[in-house]
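This report covers the sheets, the helices packed on them, some backbone angles and one surface patch. Please look at the sequence and the model first.

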Amino acid sequence: MSKTFVVVAEVRGGSLRQVSLEALQAASIAKNEGDAVAAVLIGSQITPLAADLAGYVEGRVYAVDHPELEIYNAEAYFDAVQSVFEHVAPDVVILGHTALGRDLAPKIAAHLGAGQISDVTAIEQNGGEAVYTRPIYAGKAFEQKSFTGGPQVVTIRPNNLSPAPSVSSPGEIIEIDYAPSGSLRSIVKDIVRKTSGKVDLTEAKIIVSGGRGVKSAEGFKPLEELAEVLHGAVGASRAACDAGYCDYSMQIGQTGKVVTPEIYIACGISGAIQHLAGMSQSRVIIAINKDPEAPIFKVADYGIVGDLFEVVPLLTREFRKVLV
């Protein structure tokens with residue numbers, strides 16, 4: 001029996017988030033021949049983005065466009081999703097494992113009476129059934145899970161699956177009428193982004209991260225210069241955040257953001273378990289630390305024993321020669 005996959009795409013800063021295309025790729029891996037894939041786009045003035053999204057979807061793109069959906073609100077977005085489900089009955093719903101996805105997915109699962117598998121990093125087919133891999137025990141181990149029935153809800157960790165390729169025949173765009181509920185218990189007036197204009201940590205391909213070894217807020221400047229040259233983002237360990245060197249929005253770790261960049265450069269980070277839980281799945285880890293016995297070297301692919309204030313400027317200068 002064929003299934004219908006529905007991917008809930010995300011918009012940030014007037015653009016489609018990369019994780020939306022990765023979620024579409026997840027659907028293409030998990031589905032079988034004869035299954036359908038549709039996408040949902042929610043926001044304000046999203047018609048051009050819906051057309052862009054349709055270029056990656058062979059099925060339909062359901063666009064819910066309303067001024068009150070410009071800023072994410074859990075109740076309003078859930079109402080919008082429900083309005084889409086009146087037109088398409090999903091067997092599998094896929095979202096990004098982002099702040100929005102982690103909040104919205106359980107609501108959708110409860111509404112559908114669905115099972116949910118969260119924070120998926122890999123998908124494979126086994127006898128016509130999708131098998132989902134996700135980390136457990138703070139990334140120390142992995143488990144493979146599959147559903148015994150439906151409906152199903154899945155969230156995908158950013159930067160683990162390749163984005164979906166464009167399709168030869170763009171999908172059909174269906175505009176959904178949405179009437180805001182007058183009984184919303186909360187209203188989001190504005191969102192102040194402390195990282196405005198910078199690369200999103202969870203989607204960054206390259207991250208330069210600092211720990212207690214940066215010694216001060218000024219110590220992050222060499223890291224910021226290196227990240228700028230590499231077109232990457234700047235992160236931090238909890239120790240650096242607790243010391244007041246940077247804002248907690250930059251924290252990477254078990255109690256911060258979980259990232260999986262292509263390259264992770266750890267500067268002055270000892271490698272506490274809490275931090276490793278947030279970055280150990282990076283494809284290439286480069287550690288810079290004065291202590292040759294620092295635990296970070298045990299997980300690093302490349303290690304540099306030295307003062308980060310000497311090493312990082314050297315790297316920046318050499319990369320600038322090649323890249324700029």
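Contact means heavy atoms within 4.5 Å. With neighbours within four places in sequence left aside, Gln152 is in contact with Lys3, Asp91, Val92, Val93, Ala114, Gly115 and Phe147. Gln152 sits in strand 11; strands (E, at least two residues) and helices (H or I, at least four) are DSSP runs, numbered from the N terminus. Gln152 counts as buried because its relative accessibility is 7%; buried means under 20% relative accessible area, exposed over 50%, and partly exposed in between (1.4 Å probe, protein chains only).

The model is predicted, so local features need pLDDT of at least 70 and side-chain atom pairs count only at pLDDT 80 or more, while totals for chains, interfaces and linings use all residues. Residues are numbered from 1 along each chain as its sequence is written, and side-chain values use heavy atoms, with hydrogens and water left out.

**The seven-stranded sheet**

Strand 11 belongs to an open sheet of seven strands in the order 7-11-6-1-4-5-12, with parallel pairing; two strands pair if DSSP finds at least two bridges between them. Strand 7 (115–120) and strand 12 (173–175) are the edges, each pairing on one side only. On average, neighbouring strands of this sheet are turned by 20 degrees against each other, direction ignored. Angles run from 0 to 180 degrees between N-to-C directions, with axes fitted to C-alpha atoms, for helices over the stretch in contact.

Strand 4 (residues 36–43) and strand 5 (residues 61–65) run parallel and are joined by five bridges. Leu41 stands opposite Ala63 in strand 5. Helix 3 (residues 74–85) packs on the sheet and touches strand 1 (4–8), strand 4, strand 5 and strand 6 (92–96); its direction makes about 145 degrees with that of strand 4. Helix 4 (residues 99–112) also packs on the sheet, where it touches strand 1, strand 6, strand 7 and strand 11 (152–156), at about 165 degrees to the direction of strand 6.

**Backbone angles**

Most residues other than glycine have a negative phi, and most peptide bonds are trans. The peptide bond from Gly150 to Pro151 is cis, with omega near 0 degrees. Pro151 lies in the loop between strand 10 (141–145) and strand 11. Two residues with positive phi are tabulated here.

| Residue | Phi | Place | Relative accessibility |
|---|---|---|---|
| Asp119 | near 60 degrees | strand 7 | 12%, buried |
| Lys215 | about 75 degrees | loop between strand 13 (206–210) and helix 5 (221–230) | 51%, exposed |

**The five-stranded sheet**

Another open sheet has five strands in the order 14-13-15-16-17, with parallel pairing. Its edge strands, each pairing on one side only, are strand 14 (233–236) and strand 17 (302–305). Neighbouring strands here are turned by 20 degrees against each other on average, direction ignored.

Strand 13 and strand 14 run parallel and are joined by four bridges, and Val208 has Val234 in strand 14 as its bridge partner. Helix 5 packs on the sheet, touching strand 13, strand 14 and strand 15 (263–267), and its direction makes about 180 degrees with that of strand 13. Helix 9 lies across strand 15, strand 16 (284–289) and strand 17, running at about 135 degrees to strand 16.

Phe319 is in helix 9 (residues 308–323). Phe319 counts as partly exposed because its relative accessibility is 31%.
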